[in-house]
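Open the model in your viewer, keep a selection box handy, and follow along one stop at a time.

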Amino acid sequence: MQARNQNNKRGWDNCGLCPLCKREQESVAHLFYKCRYTLRLWEMLKVWLRLDTMDITTWPGERSIKDWWTRMSSATRVHRKAMASLTMLVSWTIWNE
Ligand SMILES: [Zn+2]
């Protein structure tokens, strides 16, 4: 109950819609790799870090976060730990938008 009130104060009281695009139903999968805002952020990182092997366009079709993560971390030659940190950072940034 306490947490719910705090969420409402932070502007998350939007009928379960994504706080970024306000078009799709909010879910962890959506926030991580399906939202167009998230994908735009990743597209910039891709160019910046030269992650040419990373194909963001297939992401919205992934069935689960596990599938997405497995494909994403195997497609990139960046060190797994660095990729994990980057993902955390991106997610954190999105979460705090
Ligand atoms: Zn969204």
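Start by selecting Ser64: this residue is exposed, with 9 other C-beta atoms within 10 Å. For the whole tour, a residue is called buried if 20 or more other C-beta atoms lie within 10 Å of its own, exposed if 12 or fewer, and partly exposed in between, with C-beta atoms placed from the backbone. Ser64 sits in the loop between H3 and H4. Now add Val28 to the selection and draw a C-alpha to C-alpha distance: the two residues are 36 apart in sequence and 9.9 Å apart in space.

A word on what you are looking at. This is a predicted model, in which local features need pLDDT of at least 70 and side-chain atom pairs count only at pLDDT 80 or more, while totals for chains, interfaces and linings use all residues. Residues are numbered from 1 along each chain as its sequence is written.

**The whole chain**

Zoom out and switch to cartoon. You should find 5 helices and 0 strands, where helices (H or I, at least four residues) and strands (E, at least two) are DSSP runs numbered from the N terminus. Read from the N terminus on, the elements go α-α-α-α-α. Colour by burial next: of the 97 residues of the chain, 10% count as buried. If you prefer a contact map, note that two residues are in contact if their C-beta atoms, placed from the backbone, lie within 7 Å. Among contacts with a separation of 6 or more, 35% join residues 24 or more positions apart.

**The nonpolar core**

Which residues make up the largest nonpolar core? Select Cys18, Leu31, Phe32, Tyr33, Cys35, Met54, Trp68 and Met72, which form this core of 8 residues. The term means a set of buried Ala, Val, Leu, Ile, Met, Phe, Trp, Tyr and Cys residues joined through C-beta atoms within 7 Å. Helix H2 (28–34) and helix H4 (65–75) each supply at least two residues of the core. The largest share, 3 residues, comes from H2.

**Cys18 and Glu26**

Stay with one core member and centre on Cys18. You will find Cys18 in the loop between H1 and H2. Is Cys18 buried or exposed? Cys18 is buried, because 20 other C-beta atoms lie within 10 Å. Leaving aside neighbours within four places in sequence, Cys18 is in contact with Arg23, Glu24, Glu26, His30, Leu31 and Cys35. Try a distance to one of these partners: Cys18 and His30 are 12 residues apart in sequence, and their C-alpha atoms are 7.8 Å apart.

Another of those partners, Glu26, is the next selection. Glu26 also lies in the loop between helix H1 (2–9) and H2. Glu26 is partly exposed, with 17 other C-beta atoms within 10 Å. Apart from its neighbours within four places in sequence, Glu26 is in contact with Gly16, Leu17, Cys18, Pro19 and Leu31. Add Cys15 and draw a distance: the C-alpha atoms of Glu26 and Cys15 are separated by 9.1 Å, and the residues are 11 apart along the chain.

**Two positive phi angles**

Most residues other than glycine have a negative phi. Select Lys22, where phi is near 55 degrees, a positive value in a residue other than glycine. Lys22 lies in the loop between H1 and H2 and is exposed, with 10 other C-beta atoms within 10 Å.

Then go to Arg50, just after H3, where phi is positive at about 55 degrees. Arg50 belongs to the loop between H3 and H4 and counts as exposed because it has 10 C-beta neighbours inside 10 Å.

**H3 and H5**

Select residues 36–49 to highlight helix H3. This helix has 14 residues and reaches 20 Å from its first C-alpha to its last, close to the 20 Å expected at 1.5 Å a residue; the expected span is 1.5 Å times one less than the number of residues.

Now select residues 80–95, helix H5. At 1.5 Å a residue, its 16 residues should span 22 Å, and the end C-alpha atoms are 22 Å apart, which agrees. How many of the 16 residues of H5 are buried? The number is 0, so H5 lies largely in the open.

For the last stop, pick Val90 in helix H5. Val90 is partly exposed, with 16 other C-beta atoms within 10 Å. Not counting residues up to four places away in sequence, Val90 touches Leu41, Trp42 and Leu45. Finish with the distance from Val90 to Leu41: they are 49 residues apart along the chain, with C-alpha atoms separated by 7.8 Å.
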